[in-house]
Amino acid sequence: MSFNWKIMVAEPFSAKTSSGPVPTYQDKPDSPTPDDLSALMMAVGRDRDLQAFELLFRHFGPRISAYMARLAADMGTAEELMQETMIAVWNKAALYDPAKGNVSTWIFTIARNLRVDALRKDKRPAFDLEDPALVADDTQPADETLQLKQHSELLKIAMAGLPADQGKLIRMCYFDDLSHSAIAERLKLPIGTVKSRIRLAFAKLRSAMEAI
Amino acid sequence: MMSIGHHVGDELLAEYASGALSEGWGIAVATHLALCPQCRRRLATLEAVGGELLDEIAAATVSDSAWSSLAARIGHLQQAPATKPARQPLAGQITIPEPLRSYVGARIDDIKWSRLGSGAAQVLIKTGDASATVRLLKIPAGKPVPEHSHGGRELTLVLRGSFHDSTGTYGPAIWKRRMRLVSTSRSPAPARTASASPSPTRRCASAASCCDCCSRCSASDRAVRDKGKTKP
């Protein structure tokens, strides 16, 4: 099914669930670009645009479910956590700031926090950007959207170019909630090897992103 | 070890960004992040890695009713779009940043310390994390860091003052007193403990919860350490 994201976003939407068949992006050859997703997210935040939100759901819902399923006991739990994540996305949509990161990153952090809260016994301590005791960042320019977009593209390329062993470790760390020592145990590798591979991988990603 | 000037390494920061880092270590890392804009910018990159991975993950099949039930749930929500919470005014003199503040309170001067001897004092911080022990230490100027030994890693975050040991000097010396937040670990592998500290004469004066190497650990320290382990 072919589908034009930009036009969908530009059209005025009524706040109704669309009727008829909805596009599923799993069978769509080209995925929405980060710009498409950002425009949808802004429409949700600004206008409470339900149709834009549905498109975000079509893209992220199955991915968040898969992410939750890596840790959840069953698919039912994974889907419930996906729903909670999407509700949090809806509620916090106005806080999304494209200058701070792309939509996938923002939704990843929401899903990550919900996953820890729901499926782990301990907490994930977090700093608070509004905390008066936090040391504020004075060096960041107000709008880094363009640079961020370039970074995001370079990061995608660099991640695709990582050696298989490094990419595997990073996926285990991000998807499977495994500490480096747990990864070492599972792969029967010395912890030093795991750490140095991960360090190496991130050094590559950083240098790729700084190559603008 | 870290302080401003000694930053959180990529591998530890990646564990935090991915969510895999457990609570005890997370307190030290996140409190450092509150104090270090440079590390927060590095964290943003590592969270972007998470975003890319979420994009490329093999999508799961969601149930046919997933969207209609989500839309129904949203329809029942109050239509009050989220707004940025206003920055809270300083309540008194807040000196301890989040997330540490949630564990020990807002002001260093109001903390109830347990004495350790030689003027040093500590607060053991309760967490749901059995893999690490977290403590706040207060050490008078000129006094040694209470001696301790344990397997595995240790993170130290200086909140006030500075200290030095055989590996370097940590923390900007701009305060009168010294403070450390120390997160110590029990090594998960017994062999590692043995190789890290094979000496039978080692002492364990302060980091009582790190090991069973001596009898100097207090019973209450051991109770705190064992609390997480006995949970089902």
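This passage walks through the helices of chain A, how some of them pack, and a few buried residues along the way.

The model is a predicted one. Chain A turns out to be built from helices, with nine of them and zero strands. Going along the sequence, its pattern reads α-α-α-α-α-α-α-α-α. Chain A has 212 residues, and 48% of them count as buried. What about its contacts? If one takes the contacts in chain A with a separation of 6 or more, 67% of them join residues that sit 24 or more positions apart.

Next comes the nonpolar interior. The largest nonpolar core has 86 residues. Its best-connected members, those with the most contacts inside the core, are Phe53(A), Phe60(A), Met86(A), Tyr174(A), Phe202(A), Val29(B) and Val49(B). Which helix gives this core its largest share? That is H3(A), with eleven residues. There is also a second, separate core, this one of 14 residues, and Ile96(B), Ile111(B), Ala121(B) and Ile125(B) are among them.

Tyr174(A) is worth a look of its own. Setting aside neighbours within four places in sequence, Tyr174(A) touches Tyr67(A), Phe108(A), Arg115(A) and Phe202(A) in chain A. On the chain B side, Tyr174(A) is in contact with Ala14(B), Ala17(B), Ser18(B), Leu46(B), Val49(B), Gly50(B) and Leu53(B).

Helix H3 of chain A, residues 50-69, also packs against a helix of the other chain, namely H4 of chain B, residues 66-75. Two packed helices can be described by the angle between their axes and by the distance between those axes. For H3(A) and H4(B), the angle is about 140 degrees and the axes are 11 Å apart. Are the two roughly antiparallel or oblique? Roughly antiparallel would take an angle over 145 degrees, so H3(A) and H4(B) are oblique to each other. The crossing of H3(A) past H4(B) is right-handed. From H3(A), the residues that take part are Leu50(A), Phe53(A), Glu54(A), Phe57(A) and Arg58(A). They meet Ala66(B), Trp67(B), Leu70(B) and Ile74(B) of H4(B). Sorted by type, the residues of this contact are seven nonpolar, no polar and two charged.

Two residues of H3 in chain A show up as buried. One of them is Glu54(A), which has its place in that helix. With a relative accessible area of 3%, Glu54(A) falls under the 20% limit and is therefore buried. Glu54(A) and Leu40(A) are 14 residues apart in sequence, and their C-alpha atoms lie 9.4 Å apart in space. The other is Leu55(A), also in H3 of chain A. Leu55(A) is buried too, at a relative accessible area of 4%. Between the C-alpha atoms of Leu55(A) and Glu185(A) there are 40 Å, and the two are 130 residues apart along the chain.

Further along chain A, helix H7 (residues 164-175) packs with H8(A): the axes come within 10 Å and cross at roughly 120 degrees. H7(A) and H8(A) are therefore oblique to each other. The crossing of H7(A) past H8(A) is right-handed. Here Lys168(A), Leu169(A), Met172(A) and Cys173(A) of H7(A) pair up with His180(A), Ile183(A), Arg186(A) and Leu187(A) of H8(A) to make the contact. That gives five nonpolar, one polar and two charged residues.

H8 of chain A (residues 180-187) has another partner in H9 of chain A (residues 191-209), and their axes come within 8 Å, again crossing at roughly 120 degrees. The H8(A) and H9(A) crossing is right-handed. H8(A) contributes His180(A), Ser181(A), Ile183(A) and Ala184(A), while H9(A) brings in Ile191(A), Val194(A), Lys195(A) and Ile198(A). By type, the residues of this contact are five nonpolar, two polar and one charged.

Finally, two more buried residues link the chains. Glu11(B) sits in helix H1 (residues 10-18) of chain B. Buried or exposed? Glu11(B) is buried, with a relative accessible area of 15%. Beyond residues up to four places away in sequence, Glu11(B) touches His180(A), Lys195(A), Ile198(A) and Arg199(A). Ser104(A), in helix H5 (residues 103-119) of chain A, is buried at 3% relative accessibility. Not counting neighbours within four places, Ser104(A) is in contact with Leu37(A), Phe60(A), Gly51(B), Leu54(B) and Asp55(B).

Note on methods
Residues are numbered from 1 along each chain as its sequence is written. Chains are lettered from A and ligands numbered from 1 in the order in which they are written. This is a predicted model: local features need pLDDT of at least 70, side-chain atom pairs count only at pLDDT 80 or more; totals for chains, interfaces and linings use all residues. Side-chain values use heavy atoms; hydrogens and water are left out. Helices (H or I, at least four residues) and strands (E, at least two) are DSSP runs, numbered from the N terminus. Buried means under 20% relative accessible area, exposed over 50%, partly exposed in between (1.4 Å probe, protein chains only). Contact means heavy atoms within 4.5 Å. Axes are lines fitted to C-alpha atoms, for helices over the stretch in contact, and angles run from 0 to 180 degrees between N-to-C directions. Angles under 35 degrees count as roughly parallel, over 145 as roughly antiparallel, 65 to 115 as roughly perpendicular and the rest as oblique. A crossing is left-handed if the near helix is turned anticlockwise from the far one by less than a right angle, and right-handed if clockwise. Ala, Val, Leu, Ile, Met, Phe, Trp, Tyr, Cys and Pro count as nonpolar, Asp, Glu, Lys and Arg as charged, and the others, Gly among them, as polar. A nonpolar core is a set of buried Ala, Val, Leu, Ile, Met, Phe, Trp, Tyr and Cys residues joined through side-chain atoms within 4.5 Å.
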